[in-house]
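Open the model in your viewer and keep the selection panel handy. We will walk from one spot to the next, and at each stop you will hear what to select and what is there.

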Amino acid sequence: MKRRDFVKNTAAIASASLLPAGVWALSKDGKLRTAHIGVGGMGAEDLKSFASHDAVEITALCDVDANTLAAAHKLYPNAKIFADYRVMLKELGSQIDAVVVSAPDHTHAPASMMAMEMGKAVYCQKPLTHHVTEARAMRKLAEDKNLVTQMGIQVHSFYDYKLATLLIQSGIVGKVKTVHAWSPKNWGYDGPAPAGADPIPEHLDWNLWLGTSAERPYKEGVYHPANWRKLVDYGCGTLGDMGVHIFDTPYNALELDIPKTIKNKCRKPNGYGFPEHNIVTYEFPGTQYTTEKFKWVWYDGEGAPKKHKDLKLPDNQKLPSQGAMFVGEKGRLLLPHFMELPRLIIDGAYQDLTEDIAKVTASGQIGAPIRDYEAEGKKHYHQFVNACLGEGQCTAPFSYAARLTETILLGVIAGRFPNKTLHWNSEASRFDEEEANAFLDAPYRDF
Ligand SMILES: NC(=O)c1ccc[n+]([C@@H]2O[C@H](COP(=O)([O-])OP(=O)(O)OC[C@H]3O[C@@H](n4cnc5c(N)ncnc54)[C@H](O)[C@@H]3O)[C@@H](O)[C@H]2O)c1
């Protein structure tokens, strides 16, 4: 089935309960009634963060794994429970105001699009989508319907990231030429597709787990939970996982848009798993905060290169295991991932940032550092809830998230063409290299 048809079908299912955007502001007692799709793994964290807001009523839970669903239901016994998000959205209709999508990447767009067609506010985990065409469609629908949306990049609302953004924008390292970013995580798989099939556990609805994606025989421990992110049919590899978080601050701070060229240095594609090691180089048109040409280089699997002049720290200190280095005309800014202050390096020595931080703090834009992950993390979720209730705006709405996700996904696609520079024509939404366009979309399976 084509994505268009899926959206049409699900919209038809939902049309009986179609509501105008903004209806949540009228919900009873000023409460926001949330429905959660995927309540294990990150979904369990998302649930906790939503529940920590006084105005939130956890109204419905959906998971294809009955054990996971039962565990979440124990914590939120008043919520209605479902295995199929389509049934949940159709049945509950106007009884919910916002939908939280925390399922694996391949289900983000189908579930979010259906919810948005119904006029719901949507909080969707990162990366926003599995395919470039889906990211563009999500952005358009959210804008057309004027919906409150937020992508689950909670670190976007953390103190250190906001601080780094303002420092970079103040010109502390001059115009930025390059950003290097790295993670040693390995969400790739260089082996062959496993042979045979294992019995599907009774507690798992494998057909619903697969959703619109390609059908595969079930194999224990290979897909569900978490390992799906290593596989091209369901996830986006390490770049789509950690890259979204770590590139978010440079992307936002430098006001980047869509890249012009992308090259991924990795092994040959095998059609099943993502490469275990990737070095992805992007070139972007310049912005007011960059030199005329700007380059972003991403390293995963092994993390940062052992020796690189841009990544050398004073006193031969070790680089943080994950992070980003802004290389400017006047110096460098290191942003460890995460919850550590950025560090300024000029002429090979660390510089005192006290005065710069005081200036930024005085501007009232960043608040005080909260050195507690849970407390910091909640801010991003509460921002969404408050925006739904008419207070303030989201800082990672789909208009932003779709561009960041598209950029990330172009690097994922470049992994299909190792060491080849791909040229992206953003206006036409096409690569100049025709063979790469086949990976911008994928047919939706009927399920
Ligand atoms: N923002 C963050 O820091 C962060 C951290 C981890 C994961 N994530 C994102 O969260 C999402 C989930 O990742 P995870 O690590 O929790 O994966 P996971 O496989 O551990 O958990 C996914 C959950 O969704 C359920 N599920 C799968 N398909 C479903 C469907 N069609 N309908 C309802 N439930 C379904 C699974 O049973 C499971 O409970 C991913 O998009 C991932 O990128 C974000």
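Select Ala226 to begin: with 14 other C-beta atoms within 10 Å, Ala226 is partly exposed. Here a residue is buried if 20 or more other C-beta atoms lie within 10 Å of its own, exposed if 12 or fewer, and partly exposed in between, with C-beta atoms placed from the backbone. You are looking at a predicted model, where local features need pLDDT of at least 70, side-chain atom pairs count only at pLDDT 80 or more, and totals for chains, interfaces and linings use all residues. Residues are numbered from 1 along each chain as its sequence is written.

Check the backbone of Ala226 while you are there: its phi is near 70°, a positive value in a residue other than glycine. Most residues other than glycine have a negative phi, and most peptide bonds are trans. Ala226 sits in the loop between H8 and H9. Helices (H or I, at least four residues) and strands (E, at least two) are DSSP runs, numbered from the N terminus.

Step back to Pro225, which lies in that loop between H8 and H9 too. The peptide bond joining His224 and Pro225 is cis, with omega about -10°.

Now show the ligand. Which residues come nearest to the ligand? Gly38, Gly40, Gly41, Met42 and Pro225 do, out of the 29 residues around it. A residue counts as near if its C-beta atom, placed from the backbone, lies within 6 Å of the molecule. Color the shell by class and you will find 12 nonpolar, 12 polar and 5 charged residues. For this count, Ala, Val, Leu, Ile, Met, Phe, Trp, Tyr, Cys and Pro are nonpolar, Asp, Glu, Lys and Arg are charged, and the others, Gly among them, are polar. Select helix H2 (42-51) and helix H8 (206-210) as well, since each supplies at least two residues of the shell.

Next, bring up the open sheet of 6 strands, with parallel pairing and the order E3-E2-E1-E4-E5-E6. Its edge strands are E3 (80-82) and E6, each pairing on one side only. Neighbouring strands of this sheet are turned by 20° against each other on average, direction ignored; the axes are lines fitted to C-alpha atoms, and angles run from 0 to 180 degrees between N-to-C directions. Two strands pair if DSSP finds at least two bridges between them.

Visit the E3 edge: strand E2 (residues 56-62) runs parallel to E3, and 3 bridges join them. Pick Ala60 and you will find Lys80 as its bridge partner in E3.

Then go to the other edge, where strand E5 (residues 121-125) and E6 pair in the parallel sense over 4 bridges. Val122 stands opposite Thr149 in E6. From E6 (residues 149-152), Thr149 and Met151 point one way and Gln150 and Gly152 the other way, and all are buried. Add helix H6 (residues 132-144), and E5, H6 and E6 make a right-handed β-α-β unit: with the strands pointing away from you, the path from the first strand over the helix to the second runs clockwise. In the loop between E5 and H6, find Pro127. The peptide bond from Lys126 to Pro127 is cis, with omega near -15°.

For a helix, select H4 (residues 85-92), where Tyr85, Met88 and Leu89 are buried. Seen down the axis of H4, its buried residues fall within an arc of 90° (taken over the directions from the helix axis to the C-beta atoms), so they line one face of the helix. Just after H4, Gly93 takes a positive phi of about 40°.

Move on to strand E12 (residues 332-336), largely enclosed by the rest of the structure because 4 of its 5 residues are buried. Strand E11 (residues 323-328) pairs with E12 in the antiparallel sense over 5 bridges, and a hairpin joins the two through 3 residues. Gly323 stands opposite Pro336. On to E13 (residues 343-346), which pairs antiparallel with E12 over 3 bridges; Leu334 has Arg343 as its bridge partner there. The hairpin of E12 and E13 has 6 residues between the strands, and Met339 in the turn has a positive phi of about 60°. With 16 C-beta neighbours inside 10 Å, Met339 counts as partly exposed.

For a last stop, select Ile246 in helix H9 (residues 237-253). Ile246 is buried, with 25 other C-beta atoms within 10 Å. Draw a C-alpha to C-alpha distance from Ile246 to Phe338: they are 92 residues apart in sequence and 8.9 Å apart in space.
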